[in-house]
Amino acid sequence: SFIRINTTGGTTDKQKWDIRTISASGLEALEFRTVNDANNSFSTKLSLAHSGTATFAGDVSLADSKKLFIGTGNDIQISHDASDSYINNLTGDLTIKNLADDKDIIFQSDNGSGGTENYIQIDGSEGRTTINKPLRINDSVELQIGSSADLKIYHDGSNSYIADTGT
């Protein structure tokens with residue numbers, strides 16, 4: 001079954017939208033379709049499956065300060081407030097994982113000259129992390145090296161220290 005939404009253009013009615021239910025393998029879905037005026041064929045723009053899965057044929061756009069909520073308890077939220085963008089995790093750990101073989105996770109930012117540059121690259125093919133820009137560690141914060149943190153490098157604002165507490 002379907003619902004047709006017609007618009008009036010001039011002296012003739014032009015069908016612009018079609019909403020229909022479809023059934024495949026006993027599962028129903030609701031499709032929102034538009035008509036292509038060039039060849040009078042339908043193009044599905046949104047499909048809502050009985051399972052709850054929504055499939056979009058185009059971009060999903062939210063207005064400024066609106067949030068995308070994910071999880072039963074809205075546990076992760078993604079938003080933009082016209083100036084800044086946010087990813088907020090409200091429960092558990094936030095894990096960023098790249099499952100593509102021999103590929104990287106790359107953190108890029110503005111380079112101060114109108115372009116972007118890699119600042120940190122987690123290299124999956126080489127098994128290393130590369131820092132491409134100066135790394136600043138504030139005064140009295142230790143750089144700890146070794147699985148027991150037995151090598152420490154730090155600066156207290158006046159003096160610099162290298163401490164080896166290992167064997």
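At 34% relative accessibility, N74 counts as partly exposed in this predicted model. The residue is placed in the loop that connects β6 and β7. Leaving aside neighbours within four places in sequence, N74 is in contact with two residues, F69 and L90. A further spatial relation links N74 to N89: the two are 15 residues apart in sequence, and their C-alpha atoms lie 9.1 Å apart in space.

The strands on either side of this loop, β6 and β7, run antiparallel and are joined by 4 bridges. Within this pairing, I70 stands opposite I76 of β7. The hairpin of β6 and β7 has 5 residues between the strands, and G71 takes a positive phi near 105 degrees there.

Strand β7 comprises residues 76-80 and includes Q77. Q77 has a relative accessible area of 10%. Q77 is therefore classed as buried, since that class takes in values under 20%. Not counting residues up to four places away in sequence, Q77 touches K67, L68 and F69, and also Y86, I87, N88 and L90. With K67 there is also a polar contact of 3.3 Å between the two side chains. F69 and L90, both touched by Q77, are likewise in contact with N74.

A second hairpin is formed by β4 and β5. Strand β4 spans residues 41-49 and strand β5 spans residues 54-56, and the two pair in the antiparallel sense over 3 bridges. In this arrangement F56 of β5 is the bridge partner of L46. Between the strands of this hairpin there are 4 residues, and G52 takes a positive phi near 105 degrees.

Positive phi values also occur at residues other than glycine. Most residues other than glycine have a negative phi. S65 is not a glycine, yet has a positive phi of about 70 degrees. S65 lies in the loop between β5 and β6, the latter strand covering residues 67-70. The relative accessible area of S65 is 53%, and S65 is therefore classed as exposed, the cut-off for that class being over 50%. D102, also not a glycine, has a positive phi of about 55 degrees. The position of D102 is in the loop between β8 (85-89) and β9 (104-110). With a relative accessible area of 55%, D102 is exposed.

Strand β10 contains Q121. The relative accessibility of Q121 is 16%, so this residue counts as buried. The side chain of Q121 makes a polar contact of 2.6 Å with the side chain of D104. When residues up to four places away in sequence are not counted, Q121 touches D104, I105 and I106, together with R128, T129, T130 and N132.

The structure holds 1 salt bridge. The salt bridge is formed by E117 and K133, whose closest N and O atoms are 2.7 Å apart. E117 lies in strand β10, whereas K133 belongs to the loop between β11 (128-131) and β12, so the pair ties together parts that are 16 residues apart in sequence. E117 counts as partly exposed at 30% relative accessibility. K133 is also partly exposed, with a relative accessible area of 27%.

A nonpolar patch is present on the surface. The patch is formed by F107, I120, I122, I131, L135, I137, V141, L143, I145, I153 and I162, which together have about 920 Å² of accessible area. The elements that give two or more residues to this patch are β10 (116-123) and β12 (143-145). One of the patch residues, I145, is located in strand β12. I145 has a relative accessible area of 38% and is thus partly exposed. Because patches are made of residues with over 30% relative accessible area, the value of 38% for I145 meets this cut-off.

Strand β10 thus recurs in several of these features: the strand gives two or more residues to the nonpolar patch, holds the salt-bridge residue E117 and contains the buried residue Q121.

Note on methods. Residues are numbered from 1 along each chain as its sequence is written. This is a predicted model: local features need pLDDT of at least 70, side-chain atom pairs count only at pLDDT 80 or more; totals for chains, interfaces and linings use all residues. Side-chain values use heavy atoms; hydrogens and water are left out. Patches are made of residues with over 30% relative accessible area and no salt bridge: like charges are joined within 9 Å, nonpolar side chains (Val, Leu, Ile, Met, Phe, Trp, Tyr) within 5 Å. Accessible areas come from the Shrake-Rupley method with a 1.4 Å probe; for residues, only the protein chains shown count as cover. A salt bridge is a side-chain nitrogen of Lys or Arg within 4 Å of a carboxyl oxygen of Asp or Glu. Buried means under 20% relative accessible area, exposed over 50%, partly exposed in between (1.4 Å probe, protein chains only). A polar contact is a pair of N or O atoms within 3.5 Å; within protein, one must be able to donate a hydrogen and the other to accept it, and residues adjacent in sequence count only if both atoms are side-chain atoms. Contact means heavy atoms within 4.5 Å. Two strands pair if DSSP finds at least two bridges between them.
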